[in-house]
Amino acid sequence: MTQTTITELRWDVDTVSELFATPFSDLLFRAQQIHRLHFDPTEVQLSTLLSVKTGGCPEDCAYCPQAARHNSGVASEDLLPLVEVLQTARAAKDRGATRFCMGAAWRSPKDRDLDKVIEMVRGVRALGLETCVTLGMLKQAQARRLHDAGLDYYNHNLDTSPSFYGHIISTRQYQDRLQTLEYVREAGIRVCCGGIVGMGESRHDRAALIAQLAALDPHPESVPINNLVQVEGTPLYGTARIDELEFVRTIAAARITMPTARVRLSAGRETMSDTLQALCFLAGANSIFYGDRLLTTGNPQVESDQSLFERLGIKPQTAGAIG
Ligand code: SAM
Ligand code: DTB
Ligand code: SF4
């Protein structure tokens with residue numbers, strides 16, 4: 001099979017499952033080939049996260065420390081003031097991030113909340129950073145307003161497979177997520193959509209998640225692959241951790257099925273060795289969350305990431321590029 005036909009394949013759960021079952025070295029070789037067709041393999045895109053509205057969320061996502069019903073110790077806070085958001089964004093830019101992602105612990109934003117988020121998007125963009133927000137479910141008109149404000153990316157994850165989904169969240173449906181993604185795409189905003197592994201799902205579920213993501217047409221521009229951050233007080237605390245090589249396989253499957261997407265090695269890096277992260281980059285990851293915090297949990301220190309880049313010969317993507 002030529003490389004061109006590989007990139008044109010459509011994927012279903014069975015064909016993605018076959019990828020997962022491929023010998024590890026063959027899988028990584030194939031992921032590398034595809035990666036190198038579309039990207040400079042030494043370049044990684046850096047996104048910094050900020051929780052602009054933390055805690056007190058009405059949803060019941062079993063992994064999430066921000067759900068009001070879980071006793072995780074995360075308190076409910078108000079929306080951050082604009083100046084504080086811009087200060088953090090400026091600092092992220094100074095450290096080399098090119099994208100700034102603002103997250104809110106909402107089921108969906110109220111219109112008056114959106115007014116304030118739009119101010120944040122405008123301000124962060126004016127600093128010369130790409131903007132991304134994740135605010136929960138959107139109405140069509142809200143997606144259009146965000147687009148008109150100049151928002152570059154909207155993050156809304158499918159999280160897991162359709163069949164495992166009910167074990168993790170009961171307060172919103174898979175279809176609701178697909179609907180929001182459709183509004184975002186229709187409005188002309190780039191899509192950031194991925195999921196979480198290590199929640200006790202099977203390999204079949206991981207393949208089904210990847211197949212769902214790859215069925216989005218066009219593919220998401222960014223695909224965050226999160227390894228569950230286990231937070232005490234959440235229902236998933238204590239879940240058996242995913243095998244490291246299986247995590248790498250998931251990254252490779254995302255790379256192969258969505259050749260031109262930024263595949264982001266996302267939450268969970270704090271507990272990963274440098275060697276495991278290097279394997280993820282080899283499998284086609286070319287983006288990370290960069291900065292000492294994710295939303296409410298920790299992330300590797302900037303200095304330790306910079307030393308990792310140096311040891312791996314990785315260069316951060318420079319500002320201004322879209323991808
Ligand atoms: N409330 C909005 C929503 O759920 O759409 C936006 C914020 S929510 C925290 C964004 C995403 O973070 C979730 O969809 C989930 O994929 C990820 N996430 C949350 N808690 C996590 C955890 N403990 N480990 C890994 N990923 C997590
Ligand atoms: C995504 O896929 N992962 C990020 C971002 N999109 C919003 C969130 C990770 C959250 C990890 C747990 C926390 O820090 O609260
Ligand atoms: Fe709320 Fe989002 Fe956390 Fe679910 S993932 S509980 S919607 S903040």
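Start with ligand 1 in this predicted model: 15 residues surround it, and those that come nearest are Tyr-63, Trp-106, Asn-157, Asp-159 and Val-229. Three of these names come back when you look at polar atoms. Asp-159 places a polar side-chain atom 2.7 Å from an oxygen atom of ligand 1, and Asn-157 does likewise with a polar side-chain atom at 2.9 Å from an oxygen atom of the ligand. Trp-106 goes about things through its backbone, with an N or O atom there lying 3.0 Å from a nitrogen atom of ligand 1. Taken alone, ligand 1 would expose 560 Å², and the protein buries 90% of that. As for the make-up of its shell, count eight nonpolar, five polar and two charged residues. The ligand sits in the largest cavity.

Now shift over to ligand 2, where Asn-157 turns up again. Its surroundings are Leu-49, Pro-65, Thr-134, Asn-155, Asn-157, Pro-224, Asn-226, Phe-289, Leu-294, Leu-295, Thr-296 and Thr-297. By class, that shell splits into six nonpolar and six polar residues, with no charged ones. Where do the polar atoms of ligand 2 find partners? An oxygen atom of the ligand is 2.8 Å from an N or O atom in the Asn-226 side chain, while an oxygen atom of ligand 2 lies 3.0 Å from a polar backbone atom of Leu-295. On the nitrogen side, Asn-155 has a side-chain N or O atom 3.3 Å from a nitrogen atom of ligand 2. On its own this ligand exposes 410 Å², of which the protein buries 88%. And the space that ligand 2 takes is, once again, the largest cavity.

That leaves ligand 3, which also sits in the largest cavity. Around ligand 3 you'll find Cys-57, Glu-59, Cys-61, Tyr-63, Cys-64, Ala-67, Ala-105, Trp-106 and Arg-172. Tyr-63 and Trp-106 are in that list, and both are also among the residues that come nearest to ligand 1. The shell of ligand 3 holds seven nonpolar residues, no polar ones and two charged ones.

Finally, step back to the whole chain. Its secondary structure adds up to 12 helices and 10 strands. The radius of gyration is 18 Å, close to the 20 Å that the globule rule gives for 323 residues, so the chain is as compact as a globular protein of that length. If you want a feel for its overall dimensions, the C-alpha trace spans about 55 × 40 × 35 Å along the principal axes.

Note on methods. Residues numbered from 1 in each chain as written. Chains lettered and ligands numbered in written order. Predicted model: local features only at pLDDT ≥ 70, side-chain atom pairs only at ≥ 80, totals over all residues. Heavy atoms only, no water. Near = heavy atom within 4 Å. 1 Å grid on protein atoms, 1.4 Å probe; cavity = no way out; pocket = protein on both sides within 12 Å on 5 of 7 lines; lining within 4 Å. Sits in = over half its atoms within 2 Å of the grid points. Nonpolar A, V, L, I, M, F, W, Y, C, P; charged D, E, K, R; others polar. Polar contact = N/O pair within 3.5 Å; in protein donor to acceptor, adjacent residues only side chain to side chain. Areas by Shrake-Rupley, 256 points an atom, 1.4 Å probe, with all protein chains shown as cover. Helix = DSSP H or I, 4+ residues; strand = E, 2+ residues; numbered from the N terminus. Rg over C-alpha atoms; globule rule 2.2 N^0.38 Å.
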